[in-house]
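Trainee: Before we begin, I should like to learn how such a model is read.
Mentor: Certainly; let us look at the structure together.

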Amino acid sequence: MTTNILFCGYSYHTNGYHSQHKSGYPSYLFRLQTEGLCEVVVKGRKMELRKGDLLLIKPGDHYELLVKAGQNSGDYHLVCEGVWVDEWWNRSVKPDVSRIDLDEKLLALWHHIMIEKRRPSSSQNEELSGYLLRALCLSLERAVNETVPSFHHPYTVTRMMRYIEEHATLAIRVEDVARHAGLSVSRSVHLFKSSIGKTIMEYAQEIRLSAAIERMKYTTMTLEQIAVDCGFGTYPYFHKVFKKKYGLAPGSYRRLEY
């Protein structure tokens with residue numbers, strides 16, 4: 001299924017800007033506000049966008065963008081079309097505006113598409129661009145879904161889960177998780193346990209054990225290296241945690257897998 005990226009870039013306005021498509025935007029538009037603020041009119045509704053606001057426009061939507069003189073406004077934007085994008089858009093409801101985290105991986109993906117589109121046409125890899133666009137669409141969809149009330153957990157709990165999943169193999173602390181969620185330590189501990197049914201560190205330990213099992217199965221790393229690489233610090237501690245969870249030592253588990 002084809003995809004076509006018509007434009008991908010970053011804009012920063014300081015002296016005012018106005019763009020309008022009253023007869024309908026011709027393609028799909030993704031616009032993520034990263035700095036400052038601006039105003040948009042979508043399907044007749046006027047809204048102010050601030051840092052973290054994601055705007056999703058489909059072909060035919062009335063759309064206007066206004067950055068007032070004296071305001072600063074920075075945003076990533078992408079214009080695209082194609083059969084795959086049509087199917088992706090139609091399989092779930094896409095809110096006009098959603099507040100999402102400015103995740104570094106998401107921005108890096110957007111930037112990767114920008115760099116690919118800057119290449120001379122003779123050296124552009126359309127297949128790569130297509131897969132990058134799909135990855136961006138799916139990442140945006142997940143980011144949006146995690147902010148709506150109907151998601152499985154409160155948004156702050158989801159933020160904590162994602163932070164733990166990303167940092168579990170490092171020297172993670174409960175204080176770090178709470179700070180990322182914008183909560184006190186006591187509040188984050190209570191909210192996480194009541195929503196997930198396990199403590200923050202228990203959840204981190206599960207991520208570490210999963211990472212360790214992957215390395216035992218698919219690499220030749222020593223168990224001591226795996227213990228350090230997955231955040232356990234020392235092999236004796238890794239051995240203790242692993243045996244308590246699975247009922248056998250890491251070495252025995254690895255031999256069974258082979």
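Trainee: Is strand 7 (residues 73-81) mostly covered or mostly uncovered, and how many of its residues are buried?

Mentor: Some conventions come beforehand. This is a predicted model, in which local features need pLDDT of at least 70 and side-chain atom pairs count only at pLDDT 80 or more, while totals for chains, interfaces and linings use all residues. Residues are numbered from 1 along each chain as its sequence is written, and side-chain values use heavy atoms, with hydrogens and water left out. Buried means under 20% relative accessible area, with a 1.4 Å probe and protein chains only. Strands are DSSP runs of E with at least two residues, and helices are runs of H or I with at least four, each numbered from the N terminus. In strand 7, 8 of the 9 residues are buried, and the strand is mostly covered.

Trainee: What share of the 258 residues in the protein chain is buried?

Mentor: Buried residues account for 43% of them. The chain holds 10 helices and 8 strands.

Trainee: Which strands run antiparallel to strand 7?

Mentor: Two strands pair if DSSP finds at least two bridges between them. Strand 1 (residues 4-13) is antiparallel to strand 7 and joined to it by 9 bridges; here Ser-11 stands opposite Asp-75. Strand 3 (residues 28-42) is also antiparallel to strand 7, through 8 bridges, and Phe-30 has Leu-78 as its bridge partner.

Trainee: How are contacts spread along the sequence of the protein chain?

Mentor: A contact means heavy atoms within 4.5 Å. Among contacts between residues at least 6 apart in sequence, 70% join residues at least 24 apart.

Note on methods
Buried means under 20% relative accessible area, exposed over 50%, partly exposed in between (1.4 Å probe, protein chains only).
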